[in-house]
Number of protein chains: 2
Amino acid sequence: MPRKYDSPCPVARTLNIIGDRWAILILRDFFLYGPRRFQDFEGSLKGITPAVLSQRLKDFESHGVIESSLYAEHPPRREYRLTKKGRELRPVLRAMKLWGERHA
Amino acid sequence: MPRKYDSPCPVARTLNIIGDRWAILILRDFFLYGPRRFQDFEGSLKGITPAVLSQRLKDFESHGVIESSLYAEHPPRREYRLTKKGRELRPVLRAMKLWGERHA
């Protein structure tokens with residue numbers, strides 16, 4: 001997980017939540033595909049480990065960026081979706097997409 | 001440095017260039033303060049190591065996001081500034097700032 005810093009800077013505070021590559025690619029997949037299950041991400045995010053994916057989802061949920069619900073009890077399986085707070089990250093992703101289309 | 005991936009996804013390609021916390025905080029400082037010298041960043045980015053700062057500046061320059069000029073020869077000292085391509089990252093930073101002010 002990215003290190004956390006106390007900072008008055010709103011960019012730095014945002015980075016405490018989405019400040020690494022996998023976090024942003026997980027968000028991208030939510031915006032592209034809507035509600036997602038753990039194994040959906042394993043399919044779409046080549047190279048992510050289950051431990052990292054699990055930690056990012058947990059961190060997002062603790063920050064209120066996503067929420068989840070059980071869709072199976074035995075074994076327990078969750079579906080994850082963006083909250084309103086999470087959906088409001090769309091302009092960050094859109095700006096990255098536009099820049100990448102033009103320059104990267 | 002963040003790992004590089006070949007990807008058709010423009011978000012992923014953008015992340016190949018700005019996909020870590022320090023890269024984005026370096027950009028933030030360019031937008032806040034304009035042209036900068038190495039030691040300016042050491043002053044404003046608490047916790048960055050000279051090796052990481054040097055690598056990020058080198059990577060940004062190789063990607064055409066910043067350019068530099070010598071302002072002293074003995075010892076050689078450089079001043080760095082955003083290129084047009086780099087300045088066009090402003091919407092990414094602005095979106096992060098707005099979200100952080102509201103949510104983080």
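**Exercise 1.** How many residues of chain B are in contact with residues of chain A?

*Solution.* First, the ground rules. The model is predicted: local features need pLDDT of at least 70, side-chain atom pairs count only at pLDDT 80 or more, and totals for chains, interfaces and linings use all residues. Residues are numbered from 1 along each chain as its sequence is written, and chains are lettered from A and ligands numbered from 1 in the order in which they are written.

Step 1. Contact requires that the C-beta atoms of two residues, placed from the backbone, lie within 7 Å.
Step 2. On that basis, 29 residues of chain B touch 29 residues of chain A.
Step 3. Helix 1 (10-18), helix 2 (21-33) and helix 6 (90-103) of chain B each give at least two residues to this side. Helices are DSSP runs (H or I, at least four residues), numbered from the N terminus.
Step 4. Helix 6 of chain B supplies the largest share, ten residues.
Step 5. Sort the side of chain B that touches chain A by class: 16 nonpolar, five polar and eight charged residues. Nonpolar covers Ala, Val, Leu, Ile, Met, Phe, Trp, Tyr, Cys and Pro; charged covers Asp, Glu, Lys and Arg; the others, Gly among them, are polar.

**Exercise 2.** Find the angle at which helix 6 of chain A and helix 6 of chain B cross.

*Solution.*
Step 1. Axes are lines fitted to C-alpha atoms, for helices over the stretch in contact, and angles run from 0 to 180 degrees between N-to-C directions.
Step 2. The two axes cross at roughly 175 degrees and come within 8 Å.
Step 3. The two helices are therefore roughly antiparallel (angle over 145 degrees).
Step 4. Pro91, Val92, Ala95, Met96 and Trp99 of helix 6 in chain A meet the residues B:Pro91, B:Val92, B:Ala95, B:Met96 and B:Trp99.
Step 5. The residues of this contact are ten nonpolar, no polar and no charged.

**Exercise 3.** Describe how helix 6 of chain A packs on helix 1 of chain B.

*Solution.*
Step 1. The angle is about 85 degrees, with the axes 7 Å apart.
Step 2. That makes the pair roughly perpendicular (65 to 115 degrees).
Step 3. Residues including A:Leu93 and A:Lys97 meet residues including B:Pro10 and B:Arg13.
Step 4. The classes here are five nonpolar, two polar and three charged.

**Exercise 4.** Work out how the two copies are related.

*Solution.*
Step 1. Superpose by least squares on the C-alpha atoms of residues with pLDDT of at least 70 in both.
Step 2. A rotation of 180 degrees, with 0.0 Å of shift along its axis, places chain B on chain A (RMSD 0.0 Å).
Step 3. The copies are thus related as by a two-fold rotation axis.
Step 4. Both copies use the same surface: 100% of the contact residues of chain B recur in chain A.

Notes: Angles under 35 degrees count as roughly parallel, over 145 as roughly antiparallel, 65 to 115 as roughly perpendicular and the rest as oblique.
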